[in-house]
Amino acid sequence: MSKMKAVIDGAEIYYIDTGDRPGPAIVMIHGFPFSHAMWSPQIEFLKNHFRVIAYDVRGHGKSDVGDGQYSIELFVDDLIALLDHQRLEKVVLCGLSMGGYIALRAIERNPERIGALILCDTTSNADSNETKIKRTASIKTVKSSGVAPYAQEFLKAVLTPTTVQNKVDLARFVLRMIEANSSVGICGTLLALAGRTETTASLPRIHVPTLILVGEQDKITPPELSEQMHALIPNAQLQIVPNSAHLGNLEEAEEFNGHILNFLKELN
Ligand code: MLT
């Protein structure tokens, strides 16, 4: 497994590139406020079948934080620059939540670079006014009290109560992943999320195979939002993952991996 940093628009972007297999590479884009580490069970599994690239979005994990002024557009610029850096002409994009927002804007802007899409626990909608206001409240909390209390609250929103209670190591892993991010990175990304525009209007123009996955108990991007995308993307497949909330890839990793493998095998 190679672990590297690419310098993109003045920022070091950390990524791993593993599973030296022929065929299209899968590029994994994590959610907010996590890092590529959230994909650990998928990387371990998928690298036996495909080339897998997972990176830390600017402001997250081991990538540079920079000035903290981000937008979804900038995150897409970084993604496309990373594909260029790795000489990847066309890839399968797999994004969870914020990663899905980035993937959906990427296919709108650069459809020629994407051969298939996996959209996990995400939405094509922009934030409602209520959500935008909540984001500004979160910025206030992070600035006044630091990342740790925010991480504790966020944890409860992304995992089911059963997971928090029974899978203590998993919950601790997610908490540490959030806490490892800086307040500048978190606040800058909250502004980017609040400022993003919708991609719903372009869903009917997606003509690549698309798999939509969502946790049955996802409260942040509930199944109705996945059903909405499923209805608008031609020939998309939808799988609802039981016993999981926003992070089904960790809560029900085996089932999640199975859906991805079945979908990707059909492409070959
Ligand atoms: C994520 O997991 O990326 C975030 O929950 C997305 C969001 O807050 O909209």
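Reader: Which residue in β4 does Ile29 stand opposite?

Author: Keep in mind that this is a predicted model. Strand β3 covers residues 26–29 and β4 covers residues 52–55, and the two run parallel. Look across from Ile29 into β4, and the residue opposite is Tyr55.

Reader: How many bridges join β3 to β4?

Author: These strands sit side by side in the sheet order β1-β2-β4-β3-β5-β6-β7-β8. Their pairing is parallel, though the sheet as a whole is mixed. The number of bridges joining β3 to β4 is four.

Reader: Which strands stand at the edges of the sheet, and why is one side of each left without a neighbour?

Author: The eight strands form an open sheet. Each edge strand has a single partner, so one side has no neighbour in the sheet. Those strands are β1 (2–8) and β8 (237–241).

Reader: What angle does the direction of helix α9 make with that of β7?

Author: Within the sheet, neighbouring strands are turned by 20 degrees against each other on average, ignoring direction. Helix α9 (residues 223–232) packs on that sheet and touches β6 (114–120), β7 (210–215) and β8. With β7, the helix direction makes about 165 degrees.

Reader: Now the largest pocket: which residues come closest to its centre?

Author: The space in there is about 770 Å³. A total of 29 residues line the pocket, and the closest to its centre are Thr131, Lys134, Arg135, Phe154 and Ile220.

Reader: How many charged residues does the lining of that pocket have?

Author: Helices α3 (98–109), α4 (129–145), α5 (147–158) and α8 (183–194) each give two or more residues to the lining. By class, the lining has 12 nonpolar and nine polar residues, and the charged ones number eight.

Terms used:
Residues numbered from 1 in each chain as written. Predicted model: local features only at pLDDT ≥ 70, side-chain atom pairs only at ≥ 80, totals over all residues. Heavy atoms only, no water. 1 Å grid on protein atoms, 1.4 Å probe; cavity = no way out; pocket = protein on both sides within 12 Å on 5 of 7 lines; lining within 4 Å. Points joined across faces, edges and corners; volume = space filled by probe spheres on them. Nonpolar A, V, L, I, M, F, W, Y, C, P; charged D, E, K, R; others polar. Pairing = 2+ DSSP bridges. Axes fitted to C-alpha atoms, helices over the stretch in contact; angles between N-to-C directions. Contact = heavy atoms within 4.5 Å.
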